[in-house]
Amino acid sequence: LIFLGPAALLYVPFVLKPLIETFGLSLFAWNGVSTEKAFVGLANYKQALGDPIFWISLRNNLFWVVTSIVLPMATGLVIAVLLSAIKRGQRIYSGIFFTPVVLSLIIVGLVWGIIYNPLIGPLNRLLRTVGLGSLAIGWLGDRYAVTPAIMVAGAWTFFGFCAVIFLQGLRTLDREQIEAATIDGAGPFRRFRKIIVPALSDQVTLLVVMSIIGSFKVFDIVYVMTKGGPDHASEVIATYMYWQSFMNGSLGYGAALAVMLTAVVAGASLAMMALRERD
């Protein structure tokens, strides 16, 4: 209790209390301005289940989860293995790869918005230069390309963090075990799969949980780059919740979306940790 006390003093008024109030607000129809609130019970949740934009947003969030787990973690692991083999300048290279992590996602969104610009963006210029002009499209204006394009920008900000976490895990590896496996004839891929990957299970769990939480909470980079467009194609739950609450004047419905988002994040995180503990 002594150790939990200081944390509880911050957690209860700033996290738990607003969460309970948000759930209470989700049971009302309110525009955020009028003095009267109409109690509607679970109608806002029923509306969300029948809202096609909500399902588009949830689908995009699930895509974010898969992308943020596979792309930056795989890239980060490869970079960490390469960095672990460097004897001099390892900290300098680690700092270079970690740089995107410390950048504001708003800045990242603006920069990648310029990269994807169909007229002056360097990406389309590069495609035309190498003879792939047919692939030069309006990345943020195409409903099929916009979500993957934003996900690549988001993954770019996370791979450096994954690399540093994996690098710390590699430093704790039992070198004698790797040398013994090498003497027994195990090749690089087998050593990687049988020794290195299992030894990094704690780091993998940490990064997967962070990826799940971050993917469902993603907001700023999507809002800066597309505001959920075109035609809600890149919408995620957080941006849709913001739009309903503060742009459409449906604060009760926005609160219901927030509660559903919280439940999804908590459930996914607990399931991942339970699976890890069982293993």
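How many Å apart are the mean positions of the positive and negative charges of the protein chain? They are 6 Å apart. The legends below describe a predicted model.

**View 1. The whole protein chain holds 14 helices and 2 strands.** Its C-alpha atoms fill a box of roughly 75 × 60 × 30 Å along the principal axes. The chain has 279 residues, and 38% of them count as buried. Among contacts with a separation of 6 or more, 68% join residues 24 or more positions apart.

**View 2. The surface and charges of the protein chain.** About 16,300 Å² is exposed. Carbon and sulfur atoms supply 70% of that area. The chain carries 20 positive and 14 negative charges.

**View 3. Helix α4 meets helix α8.** Two packed helices are described by the angle and the distance between their axes. Here α4 spans residues 90–102 and α8 spans residues 159–170. Their axes come within 6 Å and cross at roughly 140°. From α4, the contact uses Q90, S94, F97, F98, P100 and V101. From α8, it uses F159, G160, F161, V164 and L167. What kinds of residues make up the contact of α4 with α8? There are 8 nonpolar, 3 polar and no charged residues.

**View 4. N44 sits in helix α2.** This helix covers residues 43–49. Is N44 buried or exposed? N44 is buried, because its relative accessible area of 6% falls under the 20% cut-off. Leaving out residues up to four places away in sequence, N44 touches S26, L27 and F28. N44 also touches G252, Y253 and A256.

How values were computed: Residues numbered from 1 in each chain as written. Predicted model: local features only at pLDDT ≥ 70, side-chain atom pairs only at ≥ 80, totals over all residues. Heavy atoms only, no water. Helix = DSSP H or I, 4+ residues; strand = E, 2+ residues; numbered from the N terminus. Buried < 20%, exposed > 50% of the residue type's maximum accessible area, 1.4 Å probe, protein only. Contact = heavy atoms within 4.5 Å. Areas by Shrake-Rupley, 256 points an atom, 1.4 Å probe, with all protein chains shown as cover. Lys, Arg positive; Asp, Glu negative; His and termini not counted. Charge placed at Lys NZ, Arg CZ, Asp CG, Glu CD. Axes fitted to C-alpha atoms, helices over the stretch in contact; angles between N-to-C directions. Nonpolar A, V, L, I, M, F, W, Y, C, P; charged D, E, K, R; others polar.
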